[in-house]
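Work through the exercises below with the model open. Each task is followed by a stepwise solution.

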Amino acid sequence: MTDEEAMRIALEEARLAPAHGDVPVGAVVVRDGRVLARRHNERELTGDPTAHAEVLAMRDASAVVGSWRLEGCTLVVTLEPCLMCAGAAVNSRVERIVFGAADMKAGATGSLYNVASDPRLNHHPALQHGVLADESSSMLKEFFQAHRA
């Protein structure tokens, strides 16, 4: 499975989030060409501040593999991970993080911070940014425009 194919699945997930008032962010965890988990933001739905798409997808993927270690896995997300999500990815030992839209206000894999490359940490996932970024950005812009109106 290519990064673009996985991102298309993450975009499908992101489209589900606004139905319950959540920001349209979707995430997928892939290993060996197989989707282990796919989720979207559920903070508003659950009232849980940690219910970001990435955290939920990594939790589900860990249940599938039977370990908190997600070695050999790629986390694909429509929006650049925040500090919490980037930290969770580092701590879960994902091999790669692939994201679409950059997040200049809260991104923690290159835009505002770069947790994944911090030399003080013991794991450094590879980063790929900009995959289907225009589609991810458009969805987010439409969501926020509708909520400001």
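**Exercise 1. Find which helix gives the most to the lining of the largest pocket, and describe that pocket.**

Solution. This is a predicted model.

Step 1. Start with the contributors. Both α3 (53-65) and α5 supply at least two residues each of the lining. The helix that gives the most is α5, with six residues.

Step 2. Take the whole lining. It consists of 23 residues. Nearest the pocket centre lie Val23, Leu79, Asp103, Leu140 and Phe144.

Step 3. Sort the lining by character. Twelve residues are nonpolar, seven are charged and four are polar.

Step 4. Add the volume. The largest pocket comes to about 640 Å³.

**Exercise 2. Decide how helix α1 is oriented against helix α5: roughly parallel or roughly antiparallel?**

Solution.

Step 1. Locate the helices. Helix α1 covers residues 3-14, and helix α5 covers residues 133-148.

Step 2. Read the geometry. The two pack at an angle of about 5°, and their axes are 11 Å apart.

Step 3. Apply the cut-off. Angles under 35 degrees count as roughly parallel, so α1 is roughly parallel to α5.

Step 4. Name the residues that meet. From α1 come Arg8, Leu11 and Ala14; from α5 come Glu135, Ser136 and Met139.

Step 5. Classify that contact. It holds three nonpolar residues, two charged and one polar.

**Exercise 3. Place Arg93 and Leu132 in their loops, and give the sign of phi for Arg93 and for Leu132.**

Solution.

Step 1. Recall the background. Most residues other than glycine have a negative phi.

Step 2. Take Arg93. Its loop runs between α4 (83-92) and β4 (96-101). Phi of Arg93 is positive, near 70°, and the residue is not a glycine.

Step 3. Take Leu132. This residue sits in the loop between β5 (126-129) and α5. Leu132 is not a glycine either, yet has a positive phi of about 50°.

Step 4. Check the burial of Leu132. Its relative accessible area is 17%. Buried means under 20%, so Leu132 is buried.

**Exercise 4. Determine whether Thr109 is buried or exposed, and list its contacts.**

Solution.

Step 1. Locate Thr109. It belongs to the loop between β4 and β5.

Step 2. Test burial. Thr109 has 5% relative accessibility, so it counts as buried.

Step 3. Set aside neighbours within four places in sequence. Thr109 then contacts Glu80, Pro81, Ala86, Ile97, Phe99, Asn114, Ala116 and Leu127.

Note on methods. Residues are numbered from 1 along each chain as its sequence is written. This is a predicted model: local features need pLDDT of at least 70, side-chain atom pairs count only at pLDDT 80 or more; totals for chains, interfaces and linings use all residues. Side-chain values use heavy atoms; hydrogens and water are left out. Axes are lines fitted to C-alpha atoms, for helices over the stretch in contact, and angles run from 0 to 180 degrees between N-to-C directions. Helices (H or I, at least four residues) and strands (E, at least two) are DSSP runs, numbered from the N terminus. Angles under 35 degrees count as roughly parallel, over 145 as roughly antiparallel, 65 to 115 as roughly perpendicular and the rest as oblique. Contact means heavy atoms within 4.5 Å. Ala, Val, Leu, Ile, Met, Phe, Trp, Tyr, Cys and Pro count as nonpolar, Asp, Glu, Lys and Arg as charged, and the others, Gly among them, as polar. On a 1 Å grid over the protein atoms alone, a cavity is a set of points where a 1.4 Å probe fits but cannot get out, and a pocket is an open set with protein on both sides within 12 Å along at least five of seven lines; lining residues have an atom within 4 Å of a point. Grid points are joined across faces, edges and corners, and a volume is the space filled by probe spheres set on the points. Buried means under 20% relative accessible area, exposed over 50%, partly exposed in between (1.4 Å probe, protein chains only).
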